[in-house]
Amino acid sequence: MLIKTIFAGFGGQGVLSMGLNLAQAAMIENRHVTYLPAYGAEVRGGTANCTVSISDEEIASPVASSPTFVVAMNQPSMIRFQNRLQSGGIFFLNSSLITEQVSRGDLEIVNVAANTLAEEMGNVKSANMIMLGAFIKKSNILHIDSVIEGLNVALKGNKKLITINTDALKKGYDLL
Amino acid sequence: MEKIFTRPKSLKNAVFHYCPGCGHSIVHRLICEIIDELNIQDKTIGVPPPGCSVFAYYYFDVDMIECPHGRGGAVATGIKRAAPDSVVFTYQGDGDLAAIGTAETLHAANRGENITAVFINNAVYGMTGGQMAPTTMLGMKTTTSPYGRDPEFDGHPIKMSEIIGQVEGACYVERVAVNTPANIRRAKRALKKAFQNQLDGKGYSLVEILSPCPTNWKMSPVDSWKWVDDVMSKKFPLGTIKDTTGKTHAD
Amino acid sequence: MAKVLMTGNAAIAEAAIRAGCQCYFGYPITPQTELTEYMAANLSRRPGCTFIQAESEIAAINMVLGASVTGARAMTSSSSPGMSLKQEAISYMAASQLPAVIVNMSRGGPGLGSIAAAQSDYFQSTRGGGHGDYRTIVLAPSSVQELADETHTAFDLADKYSIPVILLGDGMLGQMMEPVEFKHEAPAVPPVRPGGLRGATGRPSRFIRSFTSNPAELEELNWSLYRRYQQIQEKETSCEKFMTDDAQLIVTAFGIAARIARGAITNARALGMKVGMFRPVTLWPFPKDQLKELSKTAKYFLDFEMNMGQMIDDVKLSLEGSGDVTFYGRPGGVIPTSSEVLRVITRLYYQKGLNG
């Protein structure tokens, strides 16, 4: 089964780290995985996105023409990617920043007030991890423990950051 | 009878292909004498350029790599960084060092690469048959400045040594000439210092040598030797341009 | 060792260090800059190793030339516009028979082009690129693991044949991350190739040159290079065949385009179409015999490239008229999708009456 996910948002929202953490966790679970970031001038303008493909078999193209999941952390990303999602796909929306309605009727919408929840937890920067936690629970593609293990690698043992991020992940995971 | 003048050990027993009165053969000999005196023949790597001295490896009995035009500074950097125990010198003409290879020269100097650059300035492109060089004198006629070098269209003769002298990584820059016995002795002292600096790990040394080119200047050798004094060295004054090594000449 | 998640650019750099690369010289250009940065962070601190951010791509490749003269394993990397600048010295190295590894994480062209992944440098890479009669070995990996493996191969082939080797990737391969496993440990001391110039200690002095005033001598050099190139063509071709056994239509593609094509082919198979893929790993020498062999069972070929049709020349030369070759390509850095390629495959399959 090949699952492709696009994470998109403003630069600074930690969109690339969401993808990277997912990819790291997939590798920990011995799955085939590719992580493809948008780069260069495309991200200088303030938007960022990346595509993560996870499969039990070798992955052909790392590009997602019709992803299974899209995680939109802001409104421009919601508008940009809503038509890319495959029919029946799940659209994860950061409802703290997205007010507009999705125009398609064939998608499942998951609203997560990531920024609001992150602020309540005292660190708005962990909004991405709250969203990732919710994503892990709903998508059911990987185990949350693998993501936490991956965080340890990505954050190179920085205990404070690991705690903040792990708490946010669990918070998001327990939402759904 | 004691033999007091002989061929340097590091100068091959070959007949120079250079024109009568040309400065290249004198500079070759001076460098070889220095290589012998410093006892570095077995660790010296020379980097000759395209140009009249492209066949330098027929004369220098040391390892040599003929490099792309103007890239001596970069090639020498690669050699010296990969083999720091070697003694690396570039041998570059005015087109090579001051035109096509300006960037490589300036940045090798700026990095303070521990190499020795020998810069032959004869104010003209020799091997291609007498075209205008970046160092061609104002008013001087060449095949590509047939009405004389005009600063309005051709710019002024570029003073590379003064430019390199501004660069922090260069430890020693001197301009000499090989047109008279006294100047030749001064040239040797400067070259020797430039090699010694490298052995002492001091950084980038550049010796610019005003060198006669009777053939392309369309002069007799004697006239060309005088022209270096009367015309060229007025624009390109001889002497030390920069010296941060804290040592003066051996004299 | 365990797998690590790495970008293609970083994987090449790490693999090069493990292959004993002693000297890296580079200049920043998107989308390969991470390779330069990785070397700055990781090669420069290794004993006896050197990293320089050069003043230009020209200087960088000439530093490689200099380091290669001494027998050191040396490398540079760039992307398309920077590769154009390097061609002069690559020609000199080919003539002087100096090994080097040169990475091109190519992008859209011509001119400054775009920073997106493209394959428009196929001709430049496989036809010599600079002046004169010469070739370079060209390796075209299509995954991060292969980038790492082929980096090692590139150094070995460069030394074996005293030839510059080009590792041709693209912006997407450079930027994407995949798990990668490194099969070699870095040597404690970087290896030195025998025969390099380090001063004439205990032997007569030697010189390396590419110029001679004697045309007959230069002709002999060209013949000797040619004989070596023939040897390389006989021994060093490499390719991957995917579902070609019963295929009636074969897609030819290299590098990242082959990844995209593979996805399309898998879907075409699910729809009952007998489609396969031929992917050259060595672009020069091109695995022409292996491709020609396929024309015994398949009559139709679809050449798919992210350019205006460059490898197709080699495909046609290899098939020698024994196949019907169609081209599909997207130039300029536009990244085609597998579904787009599937549409092309489907149309061609029906047009040619392969659906029975």
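**Note on a predicted three-chain model**

1. Start with Q119(C). Leaving aside residues up to four places away in sequence, this residue touches S106(C), F254(C), G255(C), I256(C), A257(C), E305(C), M306(C) and N307(C). The model is a predicted one. Q119(C) sits in the loop between β5 (100–106) and α5 (122–126) of chain C.

2. Is Q119(C) buried or exposed? Its relative accessible area is 4%. The cut-off for buried is under 20%, so Q119(C) counts as buried.

3. Next, the chain contacts. Two pairs of chains are in contact, and chains B and C share the most contacts. Chains A and B do not touch. Their nearest C-alpha atoms lie 28 Å apart.

4. Chains B and C also meet in a sheet. Eight strands make up this open sheet, with mixed pairing. The order is β9(B)-β7(B)-β8(B)-β4(B)-β3(B)-β1(B)-β2(B)-β9(C). At the edges stand β9 (239–243) of chain B and β9 (207–208) of chain C. Each has a single partner strand, so one side of each lacks a neighbour in the sheet.

5. Look at the junction between the chains. Strand β2 (residues 63–65) of chain B is joined to β9(C) by two bridges. The two strands run parallel. In this pairing, M64(B) stands opposite F207(C) of β9(C).

6. Which strands does helix α2 of chain B touch? Helix α2 (residues 72–82) packs on the sheet against β1 (44–47), β2 and β3 (87–93) of chain B. Its direction makes about 175° with that of β3(B).

7. Helix α7 (residues 181–199) of chain B also belongs in this picture. It lies across β3, β4 (116–121), β7 (170–177), β8 (204–210) and β9 of chain B. Helix α7 runs at about 165° to β7(B).

8. Now chain A. Its secondary structure comes to seven helices and six strands. From the N terminus, the elements run β-α-β-α-β-β-α-β-β-α-α-α-α. The radius of gyration is 15 Å, close to the 16 Å that the globule rule gives for 176 residues, so chain A is as compact as a globular protein of that length.

9. Some further values for chain A. The C-alpha trace spans about 40 × 40 × 35 Å along its principal axes. Of its 176 residues, 56% count as buried. Among contacts between residues at least 6 apart in sequence, 55% join residues at least 24 apart. Chain A exposes about 7600 Å², and carbon and sulfur atoms supply 50% of that area.

Notes
Residues are numbered from 1 along each chain as its sequence is written. Chains are lettered from A and ligands numbered from 1 in the order in which they are written. This is a predicted model: local features need pLDDT of at least 70, side-chain atom pairs count only at pLDDT 80 or more; totals for chains, interfaces and linings use all residues. Side-chain values use heavy atoms; hydrogens and water are left out. Two strands pair if DSSP finds at least two bridges between them. Helices (H or I, at least four residues) and strands (E, at least two) are DSSP runs, numbered from the N terminus. Contact means heavy atoms within 4.5 Å. Axes are lines fitted to C-alpha atoms, for helices over the stretch in contact, and angles run from 0 to 180 degrees between N-to-C directions. The radius of gyration is taken over C-alpha atoms; the globule rule is 2.2 Å times the number of residues to the power 0.38. Buried means under 20% relative accessible area, exposed over 50%, partly exposed in between (1.4 Å probe, protein chains only). Accessible areas come from the Shrake-Rupley method with a 1.4 Å probe; for residues, only the protein chains shown count as cover.
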